[in-house]
Amino acid sequence: MQNGVLELQKEYQDYVMAWRVRKLLGAKLEPTMFLPLALYAKKRLERQRLARELVTVKPFRLENLSRVDDFTNQLCFGMWRNPREINDFLSAVWRRGGHVIFEHPTEFAAQILTETERSRLPERGAEVAAFYMACLQVGAAAFNPDEMGVAVERVERLAAELPIFIDGLVMGYEL
């Protein structure tokens with residue numbers, strides 16, 4: 001049970017990081033609103049229910065597919081692990097001229113993590129930047145099965161080492 005809770009916390013942590021990155025980049029990449037943990041969980045459960053219905057309920061309701069997509073976008077669900085999502089995201093970033101947080105891990109940590117989060121992490125956020133940069137590399141490796149395997153292994157290794165670090169989950173207050 002505790003492992004399941006940790007996975008859900010890490011999923012929410014990934015959401016927070018995706019939201020922060022998208023908010024920083026702005027324009028069309030900017031998310032519409034931040035979801036506090038309780039609302040994120042509610043929307044995540046609804047997305048899961050609708051996805052399950054798409055597979056099990058006949059006849060297939062096309063509007064539910066659209067709703068699942070809407071929830072997926074709101075939750076930034078899978079943004080860091082889905083090669084297609086990563087490629088779409090990076091294409092949008094590069095069309096806007098890139099950003100320093102993707103070029104320098106220290107900038108990623110400085111601009112995306114709070115000061116408290118950086119101070120609590122052993123490498124002041126370098127390990128967090130390394131993890132999310134590795135996730136972004138999965139998109140580039142998607143067209144080569146050998147590279148993809150290596151990239152995914154690296155992400156999984158770094159994910160296993162990454163602690164829960166965002167303020168709201170560590171300090172116990174609602175984000």
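# Salt bridges, cysteines and a cavity in a predicted model

Glu53 is partly exposed, with a relative accessible area of 21% (partly exposed lies between buried, under 20%, and exposed, over 50%, with a 1.4 Å probe and protein chains only). Salt bridges that share partners join this residue with Glu46, Arg49 and Arg67 into one network, where a salt bridge puts a side-chain nitrogen of Lys or Arg within 4 Å of a carboxyl oxygen of Asp or Glu. The model is predicted, so that local features need pLDDT of at least 70 and side-chain atom pairs count only at pLDDT 80 or more, while totals for chains, interfaces and linings use all residues. Residues are numbered from 1 along each chain as its sequence is written, and side-chain values use heavy atoms, with hydrogens and water left out.

**Salt-bridge network**

- Across the whole structure, the search returns eight salt bridges, and among them is the contact between the side chains of Glu46 and Arg49, with an N to O distance of 2.5 Å.
- Glu46 and Arg49 are separated by about one helical turn because they stand three residues apart in helix α2, which covers residues 37–56 (helices are DSSP runs of H or I with at least four residues, numbered from the N terminus).
- Arg49 also forms a salt bridge with Glu53, the closest N and O atoms being 2.3 Å apart, and this second pair lies in helix α2 as well, with four residues, about one turn of the helix, between the partners.
- Glu46 has a further salt bridge, with the side chain of Arg67, at 3.3 Å from N to O; this pair links distant parts of the chain, since Glu46 belongs to helix α2 and Arg67 to helix α3, 21 residues apart.
- The other members of the network are partly exposed too, with relative accessible areas of 21% for Glu46, 31% for Arg49 and 35% for Arg67.

**Helix α3 and its surroundings**

- Helix α3 spans residues 62–74 and contains Leu65, which counts as partly exposed at 35% relative accessibility.
- Together with Phe60 and Leu62, Leu65 makes a nonpolar surface patch of about 290 Å² (patch residues have over 30% relative accessible area and no salt bridge, with nonpolar side chains, Val, Leu, Ile, Met, Phe, Trp or Tyr, joined within 5 Å).
- Asp70 is also placed in helix α3 and counts as partly exposed at 42% relative accessibility.
- The C-alpha atoms of Asp70 and Arg47 are separated by 8.9 Å, although the two residues are 23 apart along the chain.

**Cavity**

- The count comes to one cavity of 30 Å³ or more (a set of points on a 1 Å grid over the protein atoms alone, where a 1.4 Å probe fits but cannot get out).
- The largest cavity has a volume of about 40 Å³, taken as the space filled by probe spheres set on the points.
- Glu53, Leu54, Val57, Pro59, Phe60, Arg61 and Asn64 line the largest cavity, each with an atom within 4 Å of a point; Glu53 thus appears in this lining and in the salt-bridge network, and Phe60 appears in the lining and in the nonpolar patch.

**Cysteines**

- The search of the whole structure finds zero disulfides (pairs of cysteine sulfur atoms within 2.5 Å).
- Cys76 is in no disulfide, and the nearest cysteine sulfur, that of Cys135, lies 13 Å away, which is too far for a bond.
- Both of these cysteines are buried, with a relative accessible area of 8% for Cys76 and of 0% for Cys135.

**Positive phi angles in loops**

- Cys76 lies in the loop between α3 and α4, the latter covering 83–95, and its phi is near 50 degrees, a positive value in a residue other than glycine.
- Arg124 likewise has a positive phi, about 55 degrees, although it is not a glycine.
- The loop that holds Arg124 runs between α6 (115–120) and α7 (126–141), and Arg124 is partly exposed there, with a relative accessible area of 47%.

How values were computed
Patches are made of residues with over 30% relative accessible area and no salt bridge: like charges are joined within 9 Å, nonpolar side chains (Val, Leu, Ile, Met, Phe, Trp, Tyr) within 5 Å. Accessible areas come from the Shrake-Rupley method with a 1.4 Å probe; for residues, only the protein chains shown count as cover. Helices (H or I, at least four residues) and strands (E, at least two) are DSSP runs, numbered from the N terminus. On a 1 Å grid over the protein atoms alone, a cavity is a set of points where a 1.4 Å probe fits but cannot get out, and a pocket is an open set with protein on both sides within 12 Å along at least five of seven lines; lining residues have an atom within 4 Å of a point.
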